Amino acid sequence: MSDDDNDVNQDEMADEWAAAMSEQGDDGQDDIDAMLEQANAEPDVKKAPMTEFSASSAAAVEGAPDLDVIMDIPIKISMEVGNTEISIRNLLQLNQGSVIELDRLAGEPLDVLVNGTLIAHGEVVVVNEKFGIRMTDVISPSERIKKLR
């Protein structure tokens with residue numbers, strides 16, 4: 001095939017496309033505009049009322065999330081005696097026997113943290129020659145959520 005044959009084929013194809021486009025006219029654009037207007041229009045859908053979530057209502061609803069799936073996920077729990085801020089210069093000067101003053105008074109309850117979030121206060125106890133903590137004040141879930149915000 002020569003270059004002249006390719007040019008003729010290209011010209012014929014261009015003419016066919018031009019004829020097809022002229023047959024379609026602007027009706028195609030009108031259809032597209034109508035569909036866009038319909039999609040952007042506010043639907044007349046009533047919103048369902050929000051209800052409080054409870055464990056009993058979750059069990060009653062079919063397809064509700066199964067919370068047993070997350071029950072075996074490990075979390076980090078720690079107790080904080082107190083904290084303070086010191087400069088790097090003072091940190092580098094610490095050695096055996098150094099004392100760091102904390103922001104808590106002796107006898108004050110410890111903070112119980114789960115993944116860094118305060119969930120309770122407690123006091124140190126000894127159980128079978130190991131340290132433990134007795135919860136003295138557990139923070140309610142609603143209070144924990146408020147602190148996250």
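Me: Helices here are DSSP runs of H or I with at least four residues, strands are runs of E with at least two, and both are numbered from the N terminus. Going by that, in what order do the elements of the protein run?

Reply: Keep in mind that this is a predicted model. It has five helices and four strands to place. From the N terminus on, they run α-α-α-β-α-β-β-β-α.

Me: What share of the protein's 149 residues is buried?

Reply: To count as buried, a residue needs a relative accessible area under 20%. Of the 149 residues in the protein, the share that makes that cut is 9%.

Me: OK, take D111 then. Is it buried or exposed?

Reply: D111 sits in strand β2, which covers residues 110-114. Its relative accessibility comes to 12%. The cut-off for buried is under 20%, so D111 counts as buried.

Me: Which side chains does D111 touch through polar contacts?

Reply: One polar contact, at 2.3 Å, joins the side chain of D111 to that of R104. Another, at 3.0 Å, links the D111 side chain with the side chain of H121. So for D111, with a 3.5 Å limit on such contacts, the names to note are R104 and H121.

Me: What is the N to O distance in the salt bridge of D111 and R104?

Reply: A salt bridge needs a Lys or Arg side-chain nitrogen within 4 Å of an Asp or Glu carboxyl oxygen. R104, the arginine here, is partly exposed at 23% relative accessible area. Its side chain meets that of D111 in a salt bridge with an N to O distance of 2.3 Å.

Me: How many salt bridges turn up in the whole structure, and which strands does the E123 and R134 pair tie together?

Reply: Searching the whole structure gives two salt bridges. In one of them, the side chains of E123 and R134 meet at 2.8 Å, N to O. The pair ties together parts eleven residues apart in sequence, because E123 lies in strand β3 (residues 117-127) and R134 in strand β4 (residues 130-138). In short, the count is two, and the strands are β3 and β4.

Me: How accessible are E123 and R134?

Reply: Partly exposed is the class between the buried and exposed cut-offs, 20% and 50%. Both residues land there: E123 has a relative accessible area of 36%, and for R134 the value is 46%.

Me: Which residues gather in the patch of negative charge on the surface?

Reply: Start from D11, which has its place in helix α1 (residues 3-24). With 49% relative accessibility, D11 counts as partly exposed, and a patch takes residues over 30%. The patch of negative charge gathers D11, E12, D15 and E16.

Notes. Residues are numbered from 1 along each chain as its sequence is written. This is a predicted model: local features need pLDDT of at least 70, side-chain atom pairs count only at pLDDT 80 or more; totals for chains, interfaces and linings use all residues. Side-chain values use heavy atoms; hydrogens and water are left out. Patches are made of residues with over 30% relative accessible area and no salt bridge: like charges are joined within 9 Å, nonpolar side chains (Val, Leu, Ile, Met, Phe, Trp, Tyr) within 5 Å. Accessible areas come from the Shrake-Rupley method with a 1.4 Å probe; for residues, only the protein chains shown count as cover. Lys and Arg count as positive and Asp and Glu as negative; His and the chain ends are not counted. The place of a charge is taken as NZ of Lys, CZ of Arg, CG of Asp or CD of Glu. Buried means under 20% relative accessible area, exposed over 50%, partly exposed in between (1.4 Å probe, protein chains only). A polar contact is a pair of N or O atoms within 3.5 Å; within protein, one must be able to donate a hydrogen and the other to accept it, and residues adjacent in sequence count only if both atoms are side-chain atoms.
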